[in-house]
Structures are given as structure tokens and as C-alpha cells.
Amino acid sequence: MLERKYFQAFVAFAGCNVILAIAAAALCAFIAPAAAGSGIPEVKAYLNGIDAHSILAPSTLFVKIFGSIFGVAAGFVVGKEGPMVHTGSCIANLLGQGGSRKYHLTWKWLRYFKNDRDRRDLITCGAASGVAAAFRAPVGGVLFALEEVASWWRSALLWRVFFTTAVVAVVLRSLIEFCQSGKCGLFGQGGLIMFDVNSATPRYSTTDLLVIILLGILGGAFGSLYNYFVDKVLRTYSIINERGPGSKILLVASISLLTSCCFYGLPWFARCIPCPVGLEEDCPTIGRSGNYKSFQCPPGHYNDLASLLLNTNDDVIRNLLSSGDEEFHLSTLLVCFVAVYCLGIITYGIAIPSGLFIPVILAGASYGRLIGTLLGSFLDLDAGLFALLGAASFLGGTMRMTVSICVILLELTNNLLMLPLIMLVLLISKTVADCFNKGVYDQIVKMKGLPYMEAHPEPYMKHLAASDVVSGPLITFSGVEKVGNIIHALKLTKHNGFPVIDEPPFSDAAELCGLVLRSHLLVLLKGNKFTKQRVSSGSAILRTFHAFDFAKPGSGKGLKLEDLDIKEEEMESYVDLHPITNTSPYTVVETMSLAKAAVLFRELGLRHLCVVPKTPGRPPVVGILTRHDFVPEHILGLYPHINRHK
């Protein structure tokens, strides 16, 4: 560009972007497809009790780190914040399962965390630390974990998450001090407070408040529309991505080329602006970072649109939040908003790690500053502060978070005087957007088909009983069961829990003994501790196993049915299931309201809920409820004529 070789500059710019984009897409397509996207919906689903395939595996962690680096470097309209939440959760999961046997990284002392509650707590801490590291906002990370990702919260978890984010802040501060000399590239610029760039004092009048209310309404409308289009684009991309890795990489390369064309082509339509007098920094900026990009302008001038489109994300946000009304033309802000809004929609969903925070902040700050500049003569509030409120309104409209976003923005900008206005605009934008659709992460969870359980049951559930949604046929085992019957049941179904029924001579009448898990059955059958007669062997059988044999497997899957070596003559033998049976499973009476059963299921974090008969003389178990039985699609499929709003 400095030598006026514009075509060669575009080829170099677009070529580098496409190469980096293909590298990120190849990692996702061939190594870890689960690493594509933000990762926050998957972490949110995991903490709700949904263990989807490979979402926290070591391979996903590797691809998330390097794919995010390549994706951001390729110039996509994506952020690193969502992937960092996923990265923190993957690291926590790796520690929680004692390492990885597959990659020969194991630590025995970490196995003490190998239980569901401690692992869930660690992953919650990991998600919070990701936000704290990405935004340098430790308190915001705690509140993000509380408000958005965690389904279960308790006081002990609060201080653990707070301690984790405090450690993140200390480590970040140490690294920033080390990097002050410029040894680490752009890392560390801005210190712990990244966007403390506006020196204007927030003074506002009634007119300002009316405009801020309008900004909140616009944020809610734009946010709900953004979520609608993201949902449609994701569904379209899912069809393309199903065709294989080649289609994924081709789609990524196409979006990369389109993004490069927009970012390089649009600044040609912008006018050159003379550099302001008395600046401390260079104008025009020479190098990769700065506020005043020369582009095609003569010496002493800068291209304001190039300063927004051909810059690092952090510098663009600093530009938009800076004080003053004359730095950007109205047309520049409008073009920037439309470009970032549209490119953000079509970029999210391609096979690269990508976050939504940065595109949303950029688009919101653009229209916020646009309104602040347009009405500047009637307002007391600075245009840069309107950019901050615009970012808050768009974040509230898309993600539907309030407290955590408010604190994150305050920690980012160090402007406590803006607290009442940020609170107001977040509440308005969330209220408006909730009238149209759900938050973007909730929509993605639903689109992926994950059976996420909401905190409150659907209204129509109070008209149904627990037995109304039990799906069959029910498969049960006796307390001492024939090996062949267990093998047949495991082959026939994919159920993960089976009721165990005690019958004479082991009890006076048929009664529910408890619940046995599929994984425990496989471990027991692998041990080949069978008997020829149908007799109870007691707890002595457990002495041949180690406690960790029955622990939940890590990312490397546990035993499979194909791993068993059962001989033909052993199929007629018997095995005692009493030692591995949970003899105190949660049960509900068949007449209990489905709404109450749903609350019980979610609040206790259950995987199986046994439904027992109300009257004696019937089989001791009516059925088993799992989270799939509470999903609206399942219930409305059984009762299509039910009014879902009553």
C-alpha cells in the first residue's frame, strides 16, 4: 500500500487470510469437529448434565487454541472470548479426570476429583477463568459463570470460582508487566483495563435518557434479528458441513475471501480526512496497530473506514469508544455497522473456533456512536460513551445477560459513573428482545438437539402425570441375573440404567432393589465372576475390583460391549448384581405432576428417575424418566393437541 501497488497488496492480504482460514478449518474438520464455533453452548449443556461427544476432549483443546489463533489472525469477524471459555473448560476437564490415558498424561493425585460434582465444579471454574482471561475481568468471569453457564450453584462453588479468577488476574498482571517492553507483540496493551480510553465525564439530561431508552429498544430489536439470522445460517451451514471435511474447508475459504474483499474494498469509498492537530501518536499510523490508517490517502491524511475495518479488534473498539465527535463520518459508522453485522452472521457457524462477543461489541458500538454523533448537538453525553451503551444494548439483545455483561463492561472501561446507564440499557434491550426469541446460546443448544433442561418447567407439564410420558418397553434385571439375558439387553438397547427387581427366593415378593448402570454392568461382566447356580455371592465380589474401575470414564471412552470376551457356555451362568446396584435410587409415584418431577430431576442433577406404582399388586416399577422424557418435542409428540402455553 505504501508503494501504491494496490492489486498486489490485495492479493497478499486475501492470500494470507485464506491460508490462515484453511489452516483453522483443516484442524476443525480433520482433528476435532467439536471445536468449531464458540463452545459456550456446549459447556452450558455439559454443566446442565449433557455429556456430548468430545466437547471437552484433549484434541478439542488443542484445536480450540490453535484454531482460534488462526481464525482471528485470518481477519474473520470473530472473537477469541467464546473459545477461551471453552479452552478453560477443556483444561479443567482434563484435570478433573486425572489427565488423559490416550495421550499418556495422567496424574494419580488428580483422581480424587474424579466424581461428577467435583468435575462439574472444576469445569465451572474453567469457564469463569476463560472469561476473566479474555476480558481481564475477574469479577465479570464469576458472574458470567453464575448467570449463563452453571445450572447448579452453591456457596462453596462461589469462592472456588472467585479464587480461580483472582489467580487468573494475578497471572495476567504478571505477564502484562513482563510484556511491557514489547516482547509479546500486541499482548498487554491497555493493561488490566483494556478500554479506558474515554476521558469525558458522563453528564446527561432528560434528552440523553430518552435517546438511551431508544438505544436499548434498538439493541433489543437488532439483537433478536441477529439471533434469528444466526439460527437460519447455522441450519444452512449444518447441511453443507454434513457433506464432509472438503465442504467445510471450501465454505471457510469462501467466507474468508468475501471478508477480505469487503474489508479491502469498502475503504476505497471513504473520504480521506486530515490528521487532527496536536496528536501524541503518529498520524497516519504506520504498522499493524493504531487509530489512523493511511490506506490510499496522501501524507497527513487518514482513512476513517480503514481505521475500523483494517485494524485489530481491540484497536477498533478503542477507536469507537474514544471521546470526540469528529473522528468518524456518519457514513463510515453506518457502513461499519452493516459490514460487521452481516459478516458476523455469515461467519458464525463455519468450521473454525469463533466467538460472538467481539462482533456484537463492534456492531453495537458502531450504531451507538452513530446515534451519538448524529444527535450530538442535542445531547450532553459524549459520542464515545454512546458507543459503550450501544455495545451494551446489542450484547443484552443477543445474549440476554444483564449482571455479568454490566460488570464486564465496567471492568473493561473503568468507568463506574456509567453504571446506571449501562444497567438501564441492558434491562431494556433484554426485555425487548425476549418478546421475539431466546438468547443466541439457548437457540444454538436447541438447534444442536441437546436435551437442555430449563430452570422452570413448561406450563403444560402441570396437566400431565409422570406416567404419561414414560416410554417403553421397560427392561429390568433380577437381583441375580443370567449373563445371556444381560448381554442380550445391552445389545438390544442403548439404555444407561436398568431397574433391578428382587424376586423370591431373595425377597418375599417382587420389589424394587435399585438401579444398575450400563457402565457398571460392563465392568462386572469383564471380571467374569460368574456362578453356575442362581445364588447371591454378596459383596465379596467387589474385592476383585478397584474403586476406580467403576469411576466415570474420561474423554477416552470406557468399556464397550465389544470389549467383552464371554464364552458360549458362560451365557447360561449367573451373576449377582446386588453389589453394584444403587439401592437408594430417586423415585416418584406415577401420579405425581410432571412439572414437579421435572423440577426434582433438574435440581438434584439426576440422570434416571424411577416411576413406581401408586397401588400394590402391580410390577414394582412403571418406568424410568430420563431428560429426553422432559424435552418438549417428546411430550408434544405424544400429545400433539395439548396447549403448550397453558
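**Aromatic pairs around Tyr341**

Visitor: Are Tyr226 and Tyr341 buried or exposed?
Guide: This is a predicted model, in which local features need pLDDT of at least 70 and side-chain atom pairs count only at pLDDT 80 or more, while totals for chains, interfaces and linings use all residues. Residues are numbered from 1 along each chain as its sequence is written, and side-chain values use heavy atoms, without hydrogens and water. A residue is buried under 20% relative accessible area, exposed over 50% and partly exposed in between (1.4 Å probe, protein chains only). Tyr226 and Tyr341 are both buried.

Visitor: How many aromatic pairs does the structure hold?
Guide: Rings of Phe, Tyr and Trp (its six-membered ring) pair if their centres lie within 6.5 Å; planes under 30 degrees apart are stacked, over 60 edge-to-face, the rest tilted. The number of aromatic pairs in the structure is 21.

Visitor: How many residues apart are Phe222 and Tyr341?
Guide: Their rings form an edge-to-face pair, 6.2 Å centre to centre with 65 degrees between the planes. Phe222 is in helix 8 (residues 206–241) and Tyr341 in helix 12 (residues 330–347); helices are DSSP runs (H or I, at least four residues), numbered from the N terminus. The separation is 119 residues.

Visitor: Why does Phe222 count as partly exposed?
Guide: Tyr341 is buried, with a relative accessible area of 8%. Phe222 counts as partly exposed because its relative accessibility is 24%.

Visitor: Which parts does the pair of Tyr226 and Tyr341 tie together?
Guide: The pair is edge-to-face, 5.2 Å centre to centre with 75 degrees between the planes. The parts it ties together are 115 residues apart in sequence, because Tyr226 and Tyr341 lie in helix 8 and helix 12.

Key
Helix = DSSP H or I, 4+ residues; strand = E, 2+ residues; numbered from the N terminus.
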